[in-house]
Amino acid sequence: FFDVLSFCRQRPHIVPFMLTTVAEARDAQKSIQGAAIRTPLVRLNVLENETECGAKVFLKLENVQPIGAFKIRGAANAIAHIPSEELSKGIFTASAGNMAQGVAWRARELGVKATIIVPETAPEAKLSAISRLGASIIKVPFEIWWNTFQTRSYPGLEGAFVHAFDDPHVMAGNGTIALEILEDLPDVEAVILPWGGGGLACGVGAIIKALRPECKVYAAEVASGAPLAASLEAGSPQIVDFQPSFVDGIGSKTVFSQMLERAKLVIDGVL
């Protein structure tokens, strides 16, 4: 029997391409209990005739999570799957702020060391939040930060690397959002998700398509860094002009090839 995930853990540059399954998302629901909360789905206070498409609009309030963002779901689920011996050496991640806080929060709860690689453009408010949670911060130029996502390593750091988006357990944790949406709004017709690295859109999109395939899934990018639209149109990862903006959680110069392949299967369009 060939254990793909164990093989990839021993070779951190290799990650299998797979879509999150409903079973994985349901398992994640159990793993993140006590770390993430079930967030409300609320009707936006506008009438159907006040929207361009005449639709009822609902908001999934992930801002009420302990760290103020959905990233706690994926971080908690990924960390729950790290072997204890490896976890004892510490954990680290590359993040502009939200995954950093998710990893730092969970590390503090477990009593393990957390180190965060952040880009020089990371906002001070998020850096302060990371520090309050007890994590160490290494600030690097954008190119070095981006390279950390690709190599899943950083010179001098030991322990387990928690990838902010291209990780099966992170995407399964994100997929719990879809389970909650479908429980609260079974007849949902379309879901719009921000695209940064793709972990949220692909994790949620995979579960939506598995349980309600007629529902449309759209990714939303910022104009200052929108590689997904260009890559989907070309059929392969494209490099685009990228300018950091106040929308610091999303926007980049390109997409990972395996994230693009997932997007081709679950994303119906880009906004």
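Guide: Angles between helix axes under 35 degrees count as roughly parallel, over 145 as roughly antiparallel, 65 to 115 as roughly perpendicular, and the rest as oblique. The model discussed here is predicted.

Visitor: Which word describes how α3 and α5 stand to each other?

Guide: Helix α5 covers residues 98-110, and its axis is 8 Å from that of α3. The two helices pack at an angle of about 45°. That value falls in none of the three named ranges, therefore the word for α3 and α5 is oblique.

Visitor: Which residues of α3 make the contact with α5?

Guide: The crossing of these two helices is right-handed. On the α5 side, the contact is made by N98, M99, G102, V103, W105, R106 and L110. On the α3 side, the residues are K71, I72, A75, A76 and I79.

Visitor: How is α3 placed relative to α8?

Guide: The axes of α3 and α8 come within 7 Å and cross at roughly 130°. Angles of 65 to 115 degrees count as roughly perpendicular and those over 145 as roughly antiparallel. The angle lies between those two ranges, so α3 is oblique to α8.

Visitor: Which residues of α3 touch α8?

Guide: α3 passes α8 in a right-handed crossing. From α8, the contact involves H169, V170, A172, G173, N174, T176, I177 and E180. From α3, it involves R73, G74, N77 and A78.

Visitor: Is Q65 buried or exposed?

Guide: Q65 lies in the loop between β2 (58-60) and α3 (71-80). Leaving out residues up to four places away in sequence, Q65 touches A36, I37, T39, I72 and R73. Its relative accessibility is 3%, and buried means under 20%, so Q65 counts as buried.

Visitor: Where on α2 do its buried residues lie?

Guide: Helix α2 spans residues 22-31, and V22, A25 and A28 are buried in it. Seen down the helix axis, these buried residues fall within an arc of 115°, so they line one face of α2.

Visitor: What covers the buried residues of α2?

Guide: One of the covering elements is α8 (168-184). The cover also includes α3 and α9.

Visitor: Which strands stand at the edges of the sheet β7-β8-β9?

Guide: Three strands form this open sheet, and the pairing is parallel. Two bridges join β8 (residues 216-220) to β9, and V270 in β9 is the bridge partner of A219. A strand with a single partner has one side left without a neighbour in the sheet, so the edge strands are β7 (190-194) and β9 (269-270).

Notes: Residues numbered from 1 in each chain as written. Predicted model: local features only at pLDDT ≥ 70, side-chain atom pairs only at ≥ 80, totals over all residues. Heavy atoms only, no water. Helix = DSSP H or I, 4+ residues; strand = E, 2+ residues; numbered from the N terminus. Buried < 20%, exposed > 50% of the residue type's maximum accessible area, 1.4 Å probe, protein only. Contact = heavy atoms within 4.5 Å. Pairing = 2+ DSSP bridges. Arc of directions from axis to C-beta. Axes fitted to C-alpha atoms, helices over the stretch in contact; angles between N-to-C directions. Left-handed = near helix turned anticlockwise from the far one by under 90°.
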